[in-house]
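Reader: I would like a close look at one part of this chain, and then an account of how other parts are held together. Please take it slowly, one residue or helix at a time.

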Amino acid sequence: MSIVMVSLPDAAYGVNIRAGLVDGAGPVLRSLTDATRVAVVHDAALTGHYVGPLTDTLRTAGFDVVAVGMASQETEKTIASVQRIYDALLDHRWDRRSPIVALGGGIVGDVAGFAAATILRGVPLVQMPTTLLAMVDASVGGKTGVNHRVGKNLIGAFHQPIAVLADVRTLRTLPDREFRAGLAECIKHDIIRDADGFARLEQHIHRALTRNEDYLAQLVEHNVAIKARVVAADPFEQGERAHLNFGHTFGHGIERATDYAMLHGECVALGMVAATQLAVSLGMLPAVQARRIVSLIERAGLPVRGIPASAAAVVDAMQSDKKSDGKRLRFVLPTRIGAVTVRDDVQPDAIMNAVSTIL
Ligand SMILES: NC(=O)c1ccc[n+]([C@@H]2O[C@H](COP(=O)([O-])OP(=O)(O)OC[C@H]3O[C@@H](n4cnc5c(N)ncnc54)[C@H](O)[C@@H]3O)[C@@H](O)[C@H]2O)c1
Ligand SMILES: [Zn+2]
């Protein structure tokens with residue numbers, strides 16, 4: 001098993017990465033807590049897969065288990081779903097020592113995490129991510145929350161887990177499209193921080209796509225290490241954590257302009273291509289490096305063009321949450337593979353041209 005440590009001013013935890021960790025989670029959790037009860041908040045779609053083995057190992061390790069299933073759709077990422085977790089736990093007279101384990105993708109992690117942050121003013125949280133996106137991104141860093149009808153992730157809290165248990169074997173059953181969407185965030189991590197990692201991914205992308213278990217463990221470890229480093233340097237998102245938004249200014253615009261018809265990772269892939277083209281047009285990035293970026297995104301099976309919306313609609317959607325406070329759009333732009341810089345002085349026609357390249 002490999003363990004990546006996340007070290008923050010007021011919390012430190014290990015991200016444990018291993019194939020088969022779901023089956024062995026009982027002893028791991030036993031070593032982390034002397035609680036007698038644990039809640040497993042899980043994606044209802046995983047009931048036939050991992051929920052049984054997880055509750056079995058937890059019971060064998062001496063825990064009473066309360067299981068709470070939820071649907072993993074953005075429309076279910078709501079206060080109402082959090083309320084159902086409160087009800088299930090408080091009906092069992094929950095106490096502050098007893099942890100919540102979140103088993104699922106980023107939706108379950110965010111909802112169960114927010115419940116853990118707020119019930120009884122906070123109970124321990126263990127993240128057990130089952131999507132690539134949740135393993136390399138959502139489960140690390142302590143952001144939890146739910147959507148509001150006005151926008152996504154508008155209600156939430158920072159609540160760091162006491163541990164993350166990533167079982168890469170669970171990725172076997174993940175649909176292809178979801179898997180590739182997670183790869184978009186992996187490509188992002190290397191572009192913002194690690195040229196060697198990028199070169200390795202170029203070389204081994206087929207091993208990722210065929211879900212070679214040993215390779216997936218390395219890939220998750222590498223990406224968690226990058227995210228952990230960035231988060232440790234800026235736990236409350238006041239500075240360099242913004243680099244993680246590479247591809248996301250355009251990506252969020254694409255998500256909104258297309259009414260969330262594509263997956264987040266697909267929009268981020270398109271957004272990274274647009275940001276890369278923008279960097280080239282501003283003379284910040286050599287064209288040969290841009291070609292490598294676009295080519296890797298394409299080889300990962302992610303879209304590099306083809307948006308069912310106009311450039312004007314995308315730019316409009318990018319600006320929609322900025323207009324009210326008069327703030328300018330901020331772009332994270334690569335200066336080479338492995339390094340980025342933040343720019344908020346990009347001219348409107350340059351933005352429009354960049355979007356035009358991905359239509
Ligand atoms: N907290 C953070 O820092 C952070 C960061 C990035 C994203 N997010 C949030 O994460 C959410 C997206 O997460 P996601 O992409 O993991 O999506 P998700 O949780 O919706 O899971 C995607 C799909 O995969 C299925 N699934 C999950 N694991 C599976 C498995 N092992 N086998 C088969 N099917 C499986 C789910 O049922 C679902 O249909 C968004 O709400 C986003 O806002 C949060
Ligand atoms: Zn993202």
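Author: R121 sits in the loop between α4 and β6 (125-129). The model is a predicted one, and in it R121 has a phi near 60°, a positive value in a residue other than glycine. Most residues other than glycine have a negative phi. With a relative accessible area of 74%, R121 is exposed, because the cut-off for that word is over 50%.

The helix named before that loop, α4, contains T118. T118 has a relative accessible area of 31% and is partly exposed. Its side chain takes part in two contacts. One is a polar contact of 2.6 Å with the side chain of Y86. In the other, a polar atom of the T118 side chain lies 2.6 Å from the backbone oxygen of F114. T118 can also be set against T47, which is 71 residues away along the chain; the C-alpha atoms of the two are separated by 26 Å.

Helix α4 (residues 106-118) also holds D110. The side chain of D110 meets that of K77 in a salt bridge, with 2.9 Å from N to O. K77 lies in the loop between β4 (64-70) and α3 (79-91), so the pair ties together parts that are 33 residues apart in sequence. Both K77 and D110 are buried.

These two residues also have contacts with ligand 1. An N or O atom in the side chain of K77 is 2.8 Å from an oxygen atom of ligand 1. For D110, a polar side-chain atom lies 2.9 Å from a nitrogen atom of the ligand. In total, 24 residues surround ligand 1, and the closest are D43, E74, G106, T131 and T173.

K143 also has a contact with ligand 1, through its backbone: a backbone N or O atom of K143 lies 2.9 Å from a nitrogen atom of the ligand. K143 forms a salt bridge with E237 as well, the closest N and O atoms being 3.2 Å apart. This pair links distant parts of the chain, with K143 in strand β7 (residues 143-148) and E237 in the loop between α8 and α9 (248-257), 94 residues apart. K143 is partly exposed at a relative accessible area of 39%, and E237 is partly exposed at 34%. E237 is not a glycine, yet it has a positive phi of about 60°.

The count of salt bridges comes to 15. Another one joins K188 and E185, whose closest N and O atoms are 2.8 Å apart. These two residues are 3 apart in helix α6, so about one helical turn separates them. K188 is buried, and E185 is too. Elsewhere, R169, R172 and E213 are linked in a network of salt bridges.

Next comes helix α7, residues 195-209. At its N-terminal end, D194 acts as a cap: a side-chain oxygen of D194 lies 3.1 Å from the backbone nitrogen of D196. The helix has 15 residues, which at 1.5 Å a residue should span 21 Å; the end C-alpha atoms are 20 Å apart, so the two values agree. The helix also bends, by about 60° at Q203. The buried residues in α7 are G197, F198, L201, E202, H204, I205 and A208. They pack against α6 (176-193), α8 (213-233) and α11 (287-299). Just after α7, R211 takes a positive phi of about 55°.

Helix α10 (residues 264-281) can be checked in the same way. Its 18 residues should span 26 Å at 1.5 Å a residue, and its end C-alpha atoms are 25 Å apart, which agrees. Of those 18 residues, 14 are buried, so α10 is largely enclosed by the rest of the structure. Just after α10, G283 has a positive phi of about 75°.

Notes:
Residues numbered from 1 in each chain as written. Chains lettered and ligands numbered in written order. Predicted model: local features only at pLDDT ≥ 70, side-chain atom pairs only at ≥ 80, totals over all residues. Heavy atoms only, no water. Helix = DSSP H or I, 4+ residues; strand = E, 2+ residues; numbered from the N terminus. Expected span 1.5 Å × (residues − 1). Bend = angle between axes of the 7 residues up to and from the residue. Buried < 20%, exposed > 50% of the residue type's maximum accessible area, 1.4 Å probe, protein only. Contact = heavy atoms within 4.5 Å. Polar contact = N/O pair within 3.5 Å; in protein donor to acceptor, adjacent residues only side chain to side chain. Salt bridge = Lys/Arg side-chain N within 4 Å of Asp/Glu carboxyl O. Near = heavy atom within 4 Å.
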